Amino acid sequence: MGAISLIALIIAAVLFSAGGILLGKILVKKSYNPQKGQAYECGIPTQTSPWQQFHVGYYLFALLFLIFDVELVFMYPWAVVVKKTGMVALFEILVFIFILFMGFLYAHKKGALKWS
Amino acid sequence: MFSLESITNSIQNWLYNTFQPWFALTLECVIVIALVTGLFAVLGLVLVLMERKVAAHIQIRLGPNRVGPGGMFQTVADTLKLLMKEGLTPDLADKFLFNLAPFIVMIVAMLLLAPIAFAKGFQVWDINIGVLYVSAISSLSVIGILMAGWASNNKYSLLGAMRSGAQIVSYELSAGLSVLTIVILTGSLQLSDIIASQENGWWLFKGHIPVIISFVIFLIAVTAETNRAPFDLAEAESELTAGFHTEYSGMQFALFFFGRIYQHIYCVCHRRHFIFRRMDAIAYWALGRI
């Protein structure tokens, strides 16, 4: 099958999840209680909303990941042809990795990977 | 060699000879949907039990042993219980995203199924950039997890989701790079080619030192990516209750739980593709769930 199988799989996933949830909805006898809608935290009423500023470290990690993930995507087509191309391809990828490694060293020096 | 190619080919030929092409294609889609949904339903039940049993025996416990012979129907009972539970949505949650997140996780899990070769010629889609497809789709699951954690309006959920996302993102690179070894050796991104190249022996046992190194890296990275036991700080039970799915209950929780397990299965399946030849998959699923 071609790309249409992806649509079929998405439909299957939606059917599977929606079927499960709907079956639950049909079988369950609903009851109302205001405590059911509260956040499941400590038992003490929740103080502040969690939708506020968050630690910047996660953001920096995501940024670094993005850079090196792009590098990885470049390496996949290289890996397919490296056997045919031989030493030249190996040398080229070493140069490529060296340049990116310099960037990584810079990020490390700037403290982007430190959790402060 | 175990091959189902003749069966799938004959079914396809019969469909296309008997019906109009568009109708045959629709029927093919229906067959795929039925098979895949059945596979999910059965796998979820079997593998949860298997994990609990194996983990229990590793920790010198008995594990589930009350429902049915040797605890065989424990997961059936658990699923029925989850089915009878009311699926709650917190009052302050972002209701649309909260209810959308289980679907996203499930869709990702289902899409990852496409290039898995269960047997020769028994593949949903033998995509020619299979390795790239797998790494692309598997990183989509972060979206579902972050969506669930953020929409819950719960600090534990948000923290768990953030940790989970950071962990997936950090180990994605090492997993991707370790797979590169196999791509270099095979010279193809197609999963069936990778399997065919190992027809006379696994790469792992051919004495390639890089393959052994990459196998170990892949094993660790994939365990971390799916937040399994030694790397489960994203759902650290003693501090974050349950991580990103704290607020979920009933069937939505079950979907999350199953979705994660399926993802793990796929990681193991793909590990099997990359490092091993096609073989008794069940044994490797068991290995992966420990």
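Is B:Ile60 buried or exposed? At 78% relative accessibility, B:Ile60 counts as exposed, because the cut-off for that class is over 50%. The model discussed here is predicted. B:Ile60 sits in the loop that joins H2 and H3 of chain B. Its phi is near 50°, a positive value in a residue other than glycine. Most residues other than glycine have a negative phi.

The predictor assigns the complex an ipTM of 0.79 and a pTM of 0.79. For chain B, the mean pLDDT is 74. In that chain, 75% of the residues reach 70 or more. Over residues 272-290 of chain B, the pLDDT is below 50. This stretch still has 64 contacts in the model beyond near neighbours in sequence. Where pLDDT is low, the predicted coordinates should not be read in detail.

Chain B is built from helices. It has twelve helices and zero strands. The pattern along the sequence is α-α-α-α-α-α-α-α-α-α-α-α. Of the 290 residues in chain B, 53% are buried. Contacts with a separation of 6 or more were also examined by distance along the chain. Residues 24 or more positions apart account for 71% of these contacts in chain B.

The interface with chain A was examined next. In chain B, 64 residues are in contact with 55 residues of chain A. The two chains bury about 5,200 Å² between them. Carbon and sulfur atoms carry 77% of that area. Three residues, B:Glu86, B:Trp125 and B:Lys155, supply 12% of the area that chain B buries against chain A. No other three residues supply more.

Directed polar pairing across the interface was then counted. The rule finds zero salt bridges between chain B and chain A. Two residue pairs are in polar contact across the two chains, both at pLDDT 80 or more. Seven helices of chain B each supply at least two residues of the side that touches chain A. These are H2 (21-58), H3 (74-84), H4 (95-111), H5 (130-138), H6 (141-151), H7 (155-186) and H11 (250-275). H7(B) gives the most to this side, with 18 residues. By class, the side of chain B that touches chain A has 44 nonpolar, eleven polar and nine charged residues.

H6(B) is one of the helices that supply this side. H6(B) is mostly covered, with eight of its eleven residues buried. The buried residues are B:Ser141, B:Val142, B:Gly144, B:Ile145, B:Met147, B:Ala148, B:Gly149 and B:Ala151. Just after H6(B), B:Asn153 takes a positive phi of about 55°.

B:Glu28 belongs to helix H2 of chain B. At 11% relative accessibility, B:Glu28 counts as buried, since the cut-off is under 20%. What does the side chain of B:Glu28 make a polar contact with? One partner is the side chain of B:Gln12, at 3.2 Å. Another is the side chain of B:Tyr16, at 3.4 Å. Leaving out residues up to four places away in sequence, B:Glu28 touches A:Met1, B:Gln12, B:Leu15 and B:Tyr16.

Two residues of helix H3 were also considered. B:Gln74 is found in H3 of chain B. It is buried, with a relative accessible area of 15%. Beyond residues up to four places away in sequence, B:Gln74 touches B:Leu49, B:Arg52, B:Pro64 and B:Val67. B:Val76 is likewise found in helix H3 of chain B. B:Val76 is partly exposed, with a relative accessible area of 33%. This value falls in the intermediate class because it is neither under 20% nor over 50%. B:Val76 and B:Leu112 are 36 residues apart in sequence. Their C-alpha atoms are 25 Å apart in space.

B:Leu113 lies in the loop between H4 and H5 of chain B. B:Leu113 is buried, with a relative accessible area of 1%. B:Val36 is 77 residues away from B:Leu113 along the chain. The C-alpha atoms of B:Leu113 and B:Val36 are separated by 8.4 Å.

Note on methods
Residues are numbered from 1 along each chain as its sequence is written. Chains are lettered from A and ligands numbered from 1 in the order in which they are written. Side-chain values use heavy atoms; hydrogens and water are left out. Contact means heavy atoms within 4.5 Å. Buried area is the accessible area (1.4 Å probe) that two parts lose on being put together, summed over both. A salt bridge is a side-chain nitrogen of Lys or Arg within 4 Å of a carboxyl oxygen of Asp or Glu. A polar contact is a pair of N or O atoms within 3.5 Å; within protein, one must be able to donate a hydrogen and the other to accept it, and residues adjacent in sequence count only if both atoms are side-chain atoms. Helices (H or I, at least four residues) and strands (E, at least two) are DSSP runs, numbered from the N terminus. Ala, Val, Leu, Ile, Met, Phe, Trp, Tyr, Cys and Pro count as nonpolar, Asp, Glu, Lys and Arg as charged, and the others, Gly among them, as polar. pLDDT is the predictor's confidence in each residue, from 0 to 100. Buried means under 20% relative accessible area, exposed over 50%, partly exposed in between (1.4 Å probe, protein chains only).
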